[in-house]
Amino acid sequence: MHRFANPNRFLRLTARILPWCALATAAAFIAGLYLALGVSPPDYQQGESVRIMYVHVPAAWMALSVYSFMAAASAVALIWKHPLADFAAKAAAPIGAGFTLIALVTGALWGQPSWGTWWVWDARLTSVLVLFFLYLGYIALVNAFDDPIRGAKAGAVLALVGFVNIPIIKFSVDWWNTLHQPASITRIGAPAIHSSMLTPLVLMALAFAGYFVCVLILRVRNEIAGRKIRALRLVQAQG
Amino acid sequence: MTRKRRRLYFVLFAMIGLGAATALVLSAIEDSLVFFYTPTDLAEKDIPKDRRLRIGGLVAENSVKRGADGVSVKFIVTDLTNTLPVTYKGILPDLFREGQGVVAEGKIDAGGVFRADAVLAKHDENYMPAEVADALKKSGQWKGAPAP
């Protein structure tokens, strides 16, 4: 594991991966959007507004996945003190906050025609709003310190504490009565979603995941470059 | 014990402790976390009936009766065990159908009728094209909500 925690090896490796990652993401987006907006049929209950799902559901999955990734990276950073783990957690936060915002906004746009309301304070919606605030709080906390290492440490503790929210979001629709419907894909047995709608949904999920990986790589590379500049400036100021 | 190992155990125990504390808190305030009560909750649990609350369930088949004024509507909410009659005056959401989920907000009057001042449609987790839904109903394999 230490092999990949070396920043210079990371830079060399990702320079080769990045173009392929961007290409795969673009292909998945084009195919996914074409199938989702053009080919897939309207739903038997919701009609055309079902198409919002192809953005809403992948965004919500990524909101949870990115936070889990951040929490895992924070644990690695706290326990094993790998510098790249700190960079990865810090770089992932704004991307995850963006996914969460997309999920909240598209959910409201879908809720108005389907439920009859933009927003309700049920367990699922409220816990996702809390997740959005956790992302914002993490970003603010990490950037509040002059010393980036201390900021990363404080942020890592916050990311780990906030992780208790992730199972709450995931299982809120099963544990409590909510207005939000339970999961269609990850339930036991067959998915409750027809294959003509499942294919575009999976493609969009791959596109969102690919987008995350590409932007994460770019942001971590940026962070490494920033730290190098900072180290050079410190040397210069002392010399 | 190395420092890394000590930090690992510290993080693990802290996470387990935090998870357990959260689970205890959530189970203690479970009643205020539910978004609505089912008719069975109202019958069995000790829920104060004199204040505003939300009830939810399926709209019973053939129970929707629209008033002559075009905006008032009566229907029965069922959770397949108990039922509750509901009256409402206003615009219903698009997905309001017999056999589909519904959440209503309002008060129970003296006659045991729920007077709703807001009605929300609850969507289930099934997604399919209209042709597939029709085909399933024709072949008698319909497992989702009762046919609209």
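Biologist: Which domains does the domain assignment of chain B give?

Modeller: The assignment gives domain 1 (1-33) and domain 2 (34-122). The C-alpha centres of these two domains of chain B lie 40 Å apart. The model is a predicted one.

Biologist: What makes up chain A, in terms of helices and strands?

Modeller: Chain A has seven helices and zero strands. Its pattern along the sequence therefore reads α-α-α-α-α-α-α. The C-alpha trace of chain A spans about 70 × 35 × 30 Å along its principal axes, and 39% of its 239 residues count as buried. Of the contacts in chain A that join residues at least 6 apart in sequence, 75% link residues at least 24 apart.

Biologist: Why are H1(A) and H7(A) called roughly antiparallel?

Modeller: Helix H1 (residues 7-39) and helix H7 (residues 195-238) of chain A pack at an angle of about 150°. Angles over 145 degrees count as roughly antiparallel, and therefore H1(A) and H7(A) are described in that way. Their axes are 7 Å apart, and H1(A) passes H7(A) in a left-handed crossing. The residues of this contact comprise 22 nonpolar, five polar and one charged.

Biologist: What makes H4(A) roughly antiparallel to H5(A)?

Modeller: Helix H4 (residues 123-142) and helix H5 (residues 148-162) of chain A pack at about 165°, with 8 Å between their axes. The cut-off is again an angle over 145 degrees, so H4(A) is roughly antiparallel to H5(A). The crossing of H4(A) and H5(A) is right-handed.

Biologist: Which residues make the contact of H4(A) with H5(A)?

Modeller: From H4(A) come Leu134(A), Gly137(A), Tyr138(A), Leu141(A) and Val142(A). The residues of H5(A) include Gly151(A), Ala152(A), Ala154(A) and Gly155(A), together with Leu158(A), Ala159(A) and Gly162(A). By class, the contact has eight nonpolar, four polar and no charged residues. Glycine is counted as polar, which means that the glycines of this contact do not enter the nonpolar total.

Biologist: Where do chain A and chain B meet, and how many residues are in contact?

Modeller: There are 31 residues of chain B in contact with 35 residues of chain A. On the chain B side, two or more residues each come from helix H1 (3-28), strand S6 (114-122) and helix H4 (130-139). H1(B) provides the largest share of that side, eight residues. By class, the side of chain B that touches chain A divides into 20 nonpolar, five polar and six charged residues.

Biologist: Why are H2(A) and H1(B) called oblique to each other?

Modeller: The axes of helix H2 (residues 53-80) of chain A and H1(B) cross at roughly 140° and come within 8 Å. An angle must be over 145 degrees to count as roughly antiparallel, and from 65 to 115 to count as roughly perpendicular. The value satisfies neither condition, and H2(A) and H1(B) are therefore oblique. H2(A) contributes Ala75(A), Leu78(A), Ile79(A) and Trp80(A) to the contact, and H1(B) contributes Lys4(B), Arg7(B), Leu8(B) and Val11(B). Six of these residues are nonpolar, none is polar and two are charged.

Biologist: How do you know whether Trp115(A) counts as buried or exposed?

Modeller: Trp115(A) has 27 C-beta neighbours inside 10 Å. A residue is buried at 20 or more, so Trp115(A) counts as buried. Trp115(A) lies in the loop between helix H3 (83-114) and H4 of chain A. Beyond its neighbours within four places in sequence, Trp115(A) is in contact with Leu179(A), Pro93(B), Leu120(B) and Ala121(B). Trp115(A) and Leu179(A) are 64 residues apart in sequence, with 8.3 Å from C-alpha to C-alpha.

Biologist: Why is Lys81(A) called partly exposed?

Modeller: Lys81(A) has 15 other C-beta atoms within 10 Å. The bound for exposed is 12 or fewer and that for buried is 20 or more, so Lys81(A) is partly exposed. Lys81(A) is placed in the loop between H2 and H3 of chain A. Its phi is near 55°, a positive value in a residue other than glycine.

Biologist: What makes Asn62(B) exposed?

Modeller: Asn62(B) has 10 other C-beta atoms within 10 Å. The limit for an exposed residue is 12 or fewer, and therefore Asn62(B) is exposed. Asn62(B) is found in the loop between strand S1 (53-59) and strand S2 (65-66) of chain B. Although Asn62(B) is not a glycine, its phi is positive, at about 55°.

Technical notes. Residues are numbered from 1 along each chain as its sequence is written. Chains are lettered from A and ligands numbered from 1 in the order in which they are written. This is a predicted model: local features need pLDDT of at least 70, side-chain atom pairs count only at pLDDT 80 or more; totals for chains, interfaces and linings use all residues. Two residues are in contact if their C-beta atoms, placed from the backbone, lie within 7 Å. Helices (H or I, at least four residues) and strands (E, at least two) are DSSP runs, numbered from the N terminus. Axes are lines fitted to C-alpha atoms, for helices over the stretch in contact, and angles run from 0 to 180 degrees between N-to-C directions. Angles under 35 degrees count as roughly parallel, over 145 as roughly antiparallel, 65 to 115 as roughly perpendicular and the rest as oblique. A crossing is left-handed if the near helix is turned anticlockwise from the far one by less than a right angle, and right-handed if clockwise. Domain bounds come from an automatic or database domain assignment.
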